[in-house]
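Let's take a walk through a protein together. Have a look at the model below, turn it around a little, and then read on.

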Amino acid sequence: MLPPDLDAFFVANDARIRGELFDLLRIPSVSARSEHTADVARAAQWVADNMSTAGLRATVHPTAGHPIVVGEWRGAGAGAPTVLVYGHYDVQPPEPLDLWDSPPFEPAIRDGRLFARGSVDDKGQLFIHMKALEAHLKVRGGLPVNVVVVAEGEEEVGSDHLAEFVEAHQRELACDSVVISDSSMFAPGLPSILSSLRGLAYFQIDVTGPATDLHSGSYGGAVVNPAMALARILATMHDRDGRVAIPGFYDPVRDWGDRARREIAALPFDDGQFRAETGAPALGGEKGYSTLERVWMRPTCEVNGLLSGYTGEGAKTVLPSKAMAKVSCRLVPDQDPRQIERLMKAHVERVKPDGVTATVTALHGGRPWRAELDGPLYEAARRALAAAFDKPPVITGEGGSIPVVGDFERILGAPVLLMGFGLPGENAHAPNEWISMDNFTRGLRAVAVLYDEMGKQGV
Ligand code: BES
Ligand code: MN
Ligand code: MN
């Protein structure tokens, strides 16, 4: 059962809430691009102003990078629990623009889907929390729990300044639990609680040979080709069974056990449908594991981008002077990004052909995370999701990363609940990103009920 008073608020304010969401989505807060720095700042101010109007005390904290917005409501008193809500207001670059059916920063609803960059990742989901809090404060004048909202502007570029901010503000951010909506449900109509995230270790590999590009006839065959050298290096990263062949890579990997594998196998999942979603001719990966196991509980090493030599129209006979690859490893417990960096550097140094130099630069990293899902926080989440979606939630894993989750747990000592409202195929980071309007509506209700349930459960 949904609380009628809050439900009535959402119904009565539906048009205004949508309008505000559209306004937020119109701000191109692309954290990766310096030309958007002012837009990122504008989005931070927008979030702070909107939280103030909702009844929170909001502050914009500048950092060496993009600002962190903190919104607080402490009216439940010192005896009541405190929940920290985290989300990010920055978005991924929208390119390639010509593949969008409507412009990325002009929100548009088609077939029950709201299309815009950031609609699901993560402005739309952060906004769900902002409006659920507003509903409580406007309708009832308060909440059963104290709330601190932390909205970040650097998630999509590695959250470089968040951990130090949390360290420096431990007292203000002290809390009993952390709630994050920055993930997806397992399937339409199937609410989900996330129990794991992979970590990340992201590298750039630069291979350098001759001082300039050379005539491939005059020099080819006598000078080591950096593009070929890079290809050789990359070819050593996996063995025939799809295992990562960097020595020591799997040493810290924890076995998830038969129970986890059985639970994963019990989820309604279809390889054919997953393949169709990707448009790939076939699926592939590490031998001995199912698709979901490969994505959730096994680590990877993948090329994200390659650059070398002549790539324009027609043929140009040239031997490139350099070659570059962006390579990322997704990590699982208990792999550590720093350790993976050491292993990657040692490996590249070892396999690099003579006659070129190869350097490995670590660009960013984050630790993997896995939760034990019991206790009152998860009970509250189960009830809230069941009330809003008319179905109890499933427990799922995730192949993506939210590096700050581990930081919150470590620094604040509070359990983290990940409850997201995206859907498979939502095109996060890709053209035509969307959020389901039904999920948005139900997500609002679920989060509003969650705060009530947290009060009841004392978390
Ligand atoms: N919201 C995502 C994380 C995520 C991805 C959750 C897929 C659930 C499903 C987050 O914004 C993200 O994109 N994270 C990056 C981290 C990186 C930029 C450090 C990622 O996973 O690539
Ligand atoms: Mn996100
Ligand atoms: Mn993202």
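Before we point at anything, one term: helices (H or I, at least four residues) and strands (E, at least two) are DSSP runs, numbered from the N terminus. With that in hand, here's a first stop: R410 sits in helix 13. A word on what you're looking at: this is a predicted model, where local features need pLDDT of at least 70 and side-chain atom pairs count only at pLDDT 80 or more, while totals for chains, interfaces and linings use all residues. Residues are numbered from 1 along each chain as its sequence is written, chains are lettered from A and ligands numbered from 1 in the order in which they are written, and side-chain values use heavy atoms, with hydrogens and water left out.

Now the overall view. The protein chain has 14 helices and 19 strands. Its C-alpha trace spans about 80 × 50 × 45 Å along the principal axes. The radius of gyration is taken over C-alpha atoms, and the globule rule is 2.2 Å times the number of residues to the power 0.38. For 459 residues, a compact globule would come out near 23 Å, and the protein chain has 24 Å, which agrees.

How much of the chain is tucked away? Buried means under 20% relative accessible area, exposed means over 50%, and partly exposed is in between (1.4 Å probe, protein chains only). By that yardstick, 53% of the 459 residues count as buried. Accessible areas come from the Shrake-Rupley method with a 1.4 Å probe, and for residues only the protein chains shown count as cover. The accessible surface of the protein chain is about 19,700 Å², and carbon and sulfur atoms own 50% of that. As for contacts (heavy atoms within 4.5 Å), take those in the protein chain with a separation of 6 or more: 80% of them are between residues 24 or more positions apart.

Next, the metals. Donors are N, O and S atoms within 2.8 Å of the metal (3.2 Å for Na, K and Ca), and water is not among the atoms, so sites may look incomplete. Which protein atoms hold the manganese ion (ligand 2)? The donors are H88 (NE2), D121 (OD), D182 (OD) and D182 (OD), lying 2.0 to 2.5 Å from the ion. Along the sequence, these donor residues are spaced H-x32-D-x60-D. The pair of H88 and D182 links distant parts of the chain: H88 is in strand 3 (residues 82–88), and D182 is in the loop between strand 7 (177–180) and strand 8 (192–194), 94 residues apart. Both H88 and D182 are buried.

The manganese ion (ligand 3) has its own set: D121 (OD), E156 (OE), E156 (OE) and H429 (NE2), at 2.1 to 2.5 Å. These follow the spacing D-x34-E-x272-H along the chain. Here the linked pair is D121, in the loop between strand 5 (113–115) and helix 4, and H429, in the loop between strand 18 (416–418) and strand 19 (434–436), 308 residues apart. D121 is buried, with a relative accessible area of 11%, whereas H429 is partly exposed, at 42%. Did you spot D121 in both lists? The two manganese ions (ligand 2 and ligand 3) are 3.6 Å apart, and D121 coordinates both.What about the shape of each site? Four donors count as tetrahedral if all angles lie between 85 and 135 degrees; four count as square planar and six as octahedral if opposite donors are over 155 degrees apart and all others between 65 and 115; anything else is irregular. Around the manganese ion (ligand 2), the six donor atoms make angles of 56 to 166 degrees, and the site is irregular. Around the manganese ion (ligand 3), the six donor atoms subtend angles of 56 to 155 degrees, which makes that arrangement irregular.

On to the rings. Rings of Phe, Tyr and Trp (its six-membered ring) pair if their centres lie within 6.5 Å; planes under 30 degrees apart count as stacked, over 60 as edge-to-face and the rest as tilted. The count comes to nine aromatic pairs. In one of them, the rings of W46 and F127 have centres 6.2 Å apart and planes at 45 degrees, so the pair is tilted. W46 is in helix 3 (residues 37–54) and F127 in helix 4 (residues 123–140), 81 residues apart. W46 is buried at 17% relative accessible area, and F127 is buried at 0%. The rings of Y86 and F408 have centres 5.4 Å apart and planes at 65 degrees, so this pair is edge-to-face. Y86 is in strand 3 and F408 in helix 13 (residues 404–412), 322 residues apart. Both Y86 and F408 are buried. Elsewhere, ring pairs link F186, F269, F274 and W296 into a cluster.

Finally, back to helix 13. R410 counts as exposed, at 51% relative accessibility.
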